[in-house]
Amino acid sequence: AALTLLCSPLAERTGKVLEEFCRCYREQYGVELFNSVRYEIEGGGGLQAQLLHRKVPLEDHVIYSGNLFQYIEENKKWRNRFCVVPHNYGLVLYENKLAYERVLQPRVLVNSAGYKILTSLDQYLELVNGSLPGATPKSGNTPILKCPTQFPLILWHPYARHYYFCVMTGKEQDKWRAVFQDCVRHCNNGIPEDSKVEAPAFTDAVRMYRQSKEQYGTWDMLCGNETQILSNLVMEELVPELKSTIGPRLKGKTQERQRAWIQISDAVYRMVYDQTKTQYDAILTKCELERPQMESTIRTDMDQIITSKEHLASKIRAFVLPKAEICVRNHVQPYISSILEALMTPTSQGFAEVREVFFKEVTDMNMNILNEGGLEKLVEYMEKLSQLAFHPVKMQSCYEKMDQLKLEGLQQRFDVSSTSVFKQRAQILMRQQMDDAVHTFETLLHQELGKLQGKDDLCKSIQRILERVLKKYDYDSSTVRKKFFREALLQITIPFLLKKLAPTCKGELTKFQELIFEDFASFILVENTYEEVVLQSVMKDIMQAVKEAAVQRKHNLYRDSMVMHNSDPNLHLLGEGVPIDWGEEYGGQPDAEPTSDKRRRAKQVVSVIQDDEGALPYEAGTEALTQHEERELQDTESPAASGSPGSVREIREMLRKEALEEAVGPA
């Protein structure tokens with residue numbers, strides 16, 4: 001009823017936000033197109049990476065699959081589900097493993113962008129109560145749901161639907177938590193990095209839009225693909241209005257109001273998502289249609305556009321730079337070294353742990369081959385090693401190092417809402433460096449295999465290649481980390497400077513608009529040029545701070561002047577070849593097999609703790625299928641009825657009462 005009442009106003013309000021954003025996007029699109037064409041013509045780029053980069057790292061792989069229990073909100077029951085995490089990191093929930101193998105439709109598909117993984121009901125209730133309209137409920141109220149085990153896993157989102165799971169042991173909980181966190185990490189990074197125009201235009205448009213609303217600094221909900229991020233942007237404005245309108249209408253006990261608010265928020269989010277997708281796709285299509293003409297103009301008038309932009313920049317620089325330099329000297333410069341040190345310590349520990357995990361895995365493989373012998377063992381180990389970077393549990397020790405990142409007083413000073421943006425970016429870079437190291441190692445080893453004779457030769461070659469790859473890793477790791485530190489320092493300081501300078505500078509920028517020729521107005525923006533000048537005011541100090549850290553060899557950083565001469569001139573040519581499939585090339589596996597067999601034998605990155613369908617510690621009858629489902633699945637296996645060692649009498653009682661209250665139907 002509330003949504004019916006608000007449907008039209010919500011659509012209108014959403015349309016206004018999207019219209020304003022699309023205007024920002026069109027402006028930024030022209031600027032980024034100019035930058036892209038200019039870069040293409042003038043050339044450029046940094047040092048070539050020493051390690052190879054794999055183009056399609058997870059093709060035909062499953063990250064993880066296994067059984068866990070899901071809470072079904074429609075009938076308030078817990079059900080056993082078979083969860084599959086494919087190469088795109090979506091969460092796919094099936095009725096059971098047989099349904100997955102028979103390619104039946106999944107029960108649920110979850111894109112986890114923007115979600116938080118919680119492992120306690122107290123954490124969850126704190127977030128739910130914080131988002132509820134009106135006064136915060138008192139602690140000690142009846143929880144919104146009861147978990148039948150002590151090991152819950154809850155996916156919480158500020159706007160979208162929540163998902164509730166549980167498992168039987170702490171070991172399972174740790175593994176699933178690592179898997180879920182990897183899914184969130186991957187899905188949050190949803191904007192394709194190879195897009196040279198659309199991606200930077202989109203992120204700049206989001207930043208410009210939020211700055212027009214006086215919202216500077218990092219934003220936690222820059223998560224997912226473009227439509228998801230844009231939906232979050234709209235919801236950020238709609239939620240306060242929703243709370244004031246719907247809040248007084250929410251009646252009943254605390255749990256009822258909590259459930260109602262979660263359902264309303266999710267329904268609004270889905271409405272906003274659909275409207276956002278339609279309008280964003282339309283602006284993308286419009287820009288793509290205009291692109292050939294814009295690109296032709298840029299190529300024809302490149303020199304004049306550059307001259308016009310430099311003239312504008314000189315005028316803005318004369319006006320802004322003196323004020324910006326004073327602001328940098330008084331409010332930023334004294335803190336740069338502290339911010340850098342806070343970033344360097346956990347990040348460098350994480351990259352050192354990546355090196356250690358890679359070294360240990362290869363060394364263990366080498367020892368096992370030496371003891372057990374044979375090419376067959378090498379194939380078996382290399383198939384596992386090739387996916388090491390995508391093993392959430394083995395990589396967890398690397399990712400956990402970033403949990404130490406704390407800016408403390410600096411976070412409040414520079415208005416950084418959360419460090420999660422930097423943690424996640426560093427973790428993604430760790431995974432990329434690990435995969436690059438593994439891919440380089442397997443490429444070099446594959447090249448050597450034909451020349452080797454015997455087990456001893458193989459082991460010596462593995463050790464020699466490992467040492468070569470580690471040298472390359474150290475060099476690339478230093479380059480990647482220095483770039484990350486510079487970008488993070490800019491992300492922290494530039495919004496702070498823009499906010500500080502806004503009262504004296506922003507209102508005066510309109511007078512510079514007349515310096516731009518009308519024909520070039522699509523490619524030169526006063527606001528962007530102003531931000532470039534502000535960036536220049538602090539960039540020298542940031543570059544100097546990172547350079548000094550490298551000169552002092554802090555955290556194993558290399559100096560910029562140090563260039564590693566490429567000892568493998570043909571290595572990058574090898575990387576352009578056909579991807580290596582160890583099992584197919586050396587294991588003699590057949591190519592053609594039915595889809596269901598492929599699913600059964602799908603290469604899985606993480607091993608399963610419990611492959612069989614388990615049951616919560618209560619009667620098997622509560623998990624019975626309907627006759628229709630039995631016919632559809634031909635499932636003759638009933639879930640195990642035995643209780644687990646960790647089960648307690650209260651759990652049995654609670655679930656027995658549920659079973660008696662109503663007959664169990666399909667979830």
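These are my notebook entries on what I looked up in a predicted model of one protein chain.

**Entry 1. The chain as a whole**

I began with the secondary structure and found 19 helices and eight strands in the chain. I then looked up burial: 49% of the 667 residues count as buried. Next I took the contacts in the chain with a separation of 6 or more. Residues 24 or more positions apart make up 80% of those contacts.

**Entry 2. Helix α8 against helix α12**

I turned to helix α8, which covers residues 302–372, and helix α12, which covers residues 420–448. How do their axes cross? The two axes come within 10 Å and cross at roughly 30 degrees. An angle under 35 degrees counts as roughly parallel, so α8 and α12 are roughly parallel to each other. I noted the crossing of α8 past α12 as right-handed.

I listed the residues that make this contact. On the α8 side they are Thr347, Gly350, Phe351, Val354, Val357, Phe358, Val362 and Met365. On the α12 side they are Ala426, Leu429, Met430, Gln433, Met434, Ala437, Val438 and Phe441. Sorted by class, the contact of α8 with α12 has 13 nonpolar residues, three polar ones and no charged ones.

**Entry 3. Helix α8 against helix α14**

I stayed with α8 and looked up its packing with helix α14, residues 526–551. Their axes are 6 Å apart, and the angle is about 35 degrees. I recorded a right-handed crossing for α8 past α14 as well. The contact of α8 with α14 divides into 20 nonpolar, four polar and four charged residues.

**Entry 4. Valine 332 in α8**

I picked one residue of α8, valine 332. Is valine 332 buried or exposed? Its relative accessibility is 0%, so valine 332 counts as buried. I then asked what valine 332 is in contact with, leaving aside its neighbours within four places in sequence. The list is Cys327, Phe414, Thr493, Phe496, Leu497 and Val538. For one of these, phenylalanine 496, I also looked up the spacing. Valine 332 and phenylalanine 496 are 164 residues apart in sequence, and their C-alpha atoms are 8.8 Å apart in space.

**Entry 5. Proline 495 in α13**

I went on to proline 495, which is found in helix α13, residues 454–505. Its relative accessibility is 13%, so proline 495 counts as buried. With neighbours within four places in sequence left aside, proline 495 is in contact with Tyr216, Gly217 and Leu490. I checked tyrosine 216 further: it is 279 residues from proline 495 in sequence, but 5.4 Å away from C-alpha to C-alpha.

**Entry 6. Lysine 175 in α4**

I looked for lysine 175 and found it in helix α4, residues 170–188. Lysine 175 counts as buried because its relative accessibility is 13%. How far is lysine 175 from proline 392 in sequence and in space? The two are 217 residues apart in sequence and 8.0 Å apart in space, C-alpha to C-alpha.

**Entry 7. Cysteines and disulfides**

I searched for disulfides, and the structure holds zero of them. I then checked two cysteines. Cysteine 183 is in no disulfide, and its nearest cysteine sulfur belongs to cysteine 187, 6.2 Å away. A disulfide needs the two sulfur atoms within 2.5 Å. Cysteine 187 is likewise in no disulfide, with the sulfur of cysteine 183 as its nearest. I looked up accessibility for both. Cysteine 183 has 0% relative accessibility and therefore counts as buried. Cysteine 187, at 9%, also counts as buried.

**Entry 8. Two residues with positive phi**

I finished with backbone angles. Most residues other than glycine have a negative phi. I noted two that have a positive value.

Lysine 76 has a phi near 55 degrees. I placed lysine 76 in the loop between β1 (61–72) and β2 (77–86). Its relative accessibility is 43%, so lysine 76 counts as partly exposed.

Tyrosine 89 has a phi near 65 degrees. Where does tyrosine 89 lie? I found tyrosine 89 in the loop between β2 and β3 (91–94). Tyrosine 89 counts as buried because its relative accessibility is 1%.

Methods. Residues are numbered from 1 along each chain as its sequence is written. This is a predicted model: local features need pLDDT of at least 70, side-chain atom pairs count only at pLDDT 80 or more; totals for chains, interfaces and linings use all residues. Side-chain values use heavy atoms; hydrogens and water are left out. Axes are lines fitted to C-alpha atoms, for helices over the stretch in contact, and angles run from 0 to 180 degrees between N-to-C directions. Helices (H or I, at least four residues) and strands (E, at least two) are DSSP runs, numbered from the N terminus. Angles under 35 degrees count as roughly parallel, over 145 as roughly antiparallel, 65 to 115 as roughly perpendicular and the rest as oblique. A crossing is left-handed if the near helix is turned anticlockwise from the far one by less than a right angle, and right-handed if clockwise. Contact means heavy atoms within 4.5 Å. Ala, Val, Leu, Ile, Met, Phe, Trp, Tyr, Cys and Pro count as nonpolar, Asp, Glu, Lys and Arg as charged, and the others, Gly among them, as polar. Buried means under 20% relative accessible area, exposed over 50%, partly exposed in between (1.4 Å probe, protein chains only).
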